[in-house]
Number of protein chains: 2
Amino acid sequence: MKSNQTENNLPEPTKAELEILQVLWEFGPSTVRFVNDKLNGQREVNYTSTLKQMQILTEKGILKRDESQMKHIYIPVEAEEKTKVQLLDRFVNTLYKGSASQLMMQLLGNEKTSKQEIEEIKRLLDSMD
Amino acid sequence: MKSNQTENNLPEPTKAELEILQVLWEFGPSTVRFVNDKLNGQREVNYTSTLKQMQILTEKGILKRDESQMKHIYIPVEAEEKTKVQLLDRFVNTLYKGSASQLMMQLLGNEKTSKQEIEEIKRLLDSMD
DNA sequence: TGTATCGTACGAAAAACATCGTACCTTTGG
DNA sequence: CCAAAGGTACGATGTTTTTCGTACGATACA
């Protein structure tokens with residue numbers, strides 16, 4: 001029954017950084033222009049702000065980039081799954097003292113979790129043995 | 001359709017604020033001194049830092065306080081459950097596009113989620129019908 | 001070939017968060 | 001009554017995160 005510290009390689013992405021990661025996860029390796037356009041679909045951001053963020057992300061080692069063209073292509077270093085698992089782990093540890101079942105109870109008790117979702121989860125569990 | 005006219009949207013607590021909330025959740029309404037002592041069990045914090053944070057939390061409406069005594073007693077406005085549900089909800093939406101079962105899959109795939117936890121979850125689900 | 005357009009680099013301002021020092025008030029005990 | 005101990009208030013400062021202006025190089029094309 002351990003809920004140890006996450007053996008954390010990479011620094012935790014900030015909120016703004018996460019937004020960018022999600023675009024890259026959804027659409028694959030992209031230019032700053034592309035990411036910025038997507039972000040602007042949600043809220044107003046200046047191009048250079050996004051550029052800066054992505055440069056920082058790269059400094060931190062969260063993104064890498066292909067500079068062979070003038071329009072640099074940015075790519076997440078870690079797979080979406082791995083990063084999300086890390087974030088989830090931290091979340092569970094912080095809010096639920098590492099107890100996944102505790103978290104589950106809240107998900108199941110949440111009205112926003114649909115019957116369909118619950119059925120999905122059940123099937124998942126049954127298929128695990 | 002849910003009956004909820006004022007979908008209570010309190011500002012998201014910051015990291016430092018969450019630490020304080022957790023103490024209050026665990027030990028109930030407390031003085032700054034008490035909370036600060038608890039925090040100092042984990043890391044060094046100056047008394048006035050904790051005081052300030054708790055004052056800010058109060059300004060934000062996340063805590064309220066009983067000022068009838070010199071030693072003010074601080075109390076979370078919302079129940080632990082409610083706040084956690086809110087945070088969880090935000091988490092699921094942000095990282096899993098609202099899909100609880102997606103999140104589940106990761107929890108179950110996570111080695112840190114013990115067999116025991118999984119059994120716990122199964123029992124939970126079965127007892128739900 | 002000149003100029004408008006689109007790109008990167010990067011410092012610095014702005015905003016959000018966190019910490020602390022100091023002033024000052026109340027209570028307590030000798 | 002006075003000093004020590006312990007409380008609150010709050011501005012100032014430090015840090016991190018976010019945003020943006022400006023400089024300047026490459027590209028496109030009229």
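Let's start with DNA strand D: 21 residues surround it, and the closest are A:T14, A:S49, B:R33, B:Y47 and B:Q55. A residue is near a strand here if one of its heavy atoms lies within 4 Å of it. Please keep in mind that this is a predicted model, where local features need pLDDT of at least 70, side-chain atom pairs count only at pLDDT 80 or more, and totals for chains, interfaces and linings use all residues. Residues are numbered from 1 along each chain as its sequence is written, chains are lettered from A and ligands numbered from 1 in the order in which they are written, and side-chain values use heavy atoms, with hydrogens and water left out.

Which part of strand D faces the protein? Of the strand D atoms within 4 Å of the protein, 64% belong to sugar or phosphate, and the rest to bases.

Now some polar contacts, meaning pairs of N or O atoms within 3.5 Å. A phosphate oxygen of strand D is 3.2 Å from an N or O atom in the side chain of B:R65, and a phosphate oxygen is 3.3 Å from a polar backbone atom of A:N46. A base nitrogen of strand D has a polar side-chain atom of A:T48 at 3.5 Å.

On to DNA strand C. Among its 20 surrounding residues, A:R33, A:Y47, A:Q55, B:T14 and B:S49 come nearest. For strand C, a phosphate oxygen sits 2.4 Å from a side-chain N or O atom of B:T14, and one is 3.1 Å from such an atom of A:R65. B:T48 places a polar side-chain atom 3.4 Å from a base nitrogen of strand C.

Let's leave the DNA and go to the protein core. In the largest nonpolar core, which has 58 residues, A:L103 and B:L103 touch the most other members. A nonpolar core is a set of buried Ala, Val, Leu, Ile, Met, Phe, Trp, Tyr and Cys residues joined through side-chain atoms within 4.5 Å. Buried means under 20% relative accessible area, exposed over 50%, and partly exposed in between, with a 1.4 Å probe and protein chains only. In soluble globular proteins, nonpolar side chains tend to be buried together.

What does A:L103 contact, leaving aside its neighbours within four places in sequence? Its contacts (heavy atoms within 4.5 Å) are A:L88, A:F91, A:V92, A:Y96, B:L88, B:L103 and B:L107.

Last stop: is A:S101 buried or exposed? A:S101 counts as buried because its relative accessibility is 7%. Leaving aside neighbours within four places in sequence, A:S101 is in contact with B:E117, B:E120, B:I121 and B:L124.

Terms used:
Polar contact = N/O pair within 3.5 Å; in protein donor to acceptor, adjacent residues only side chain to side chain.
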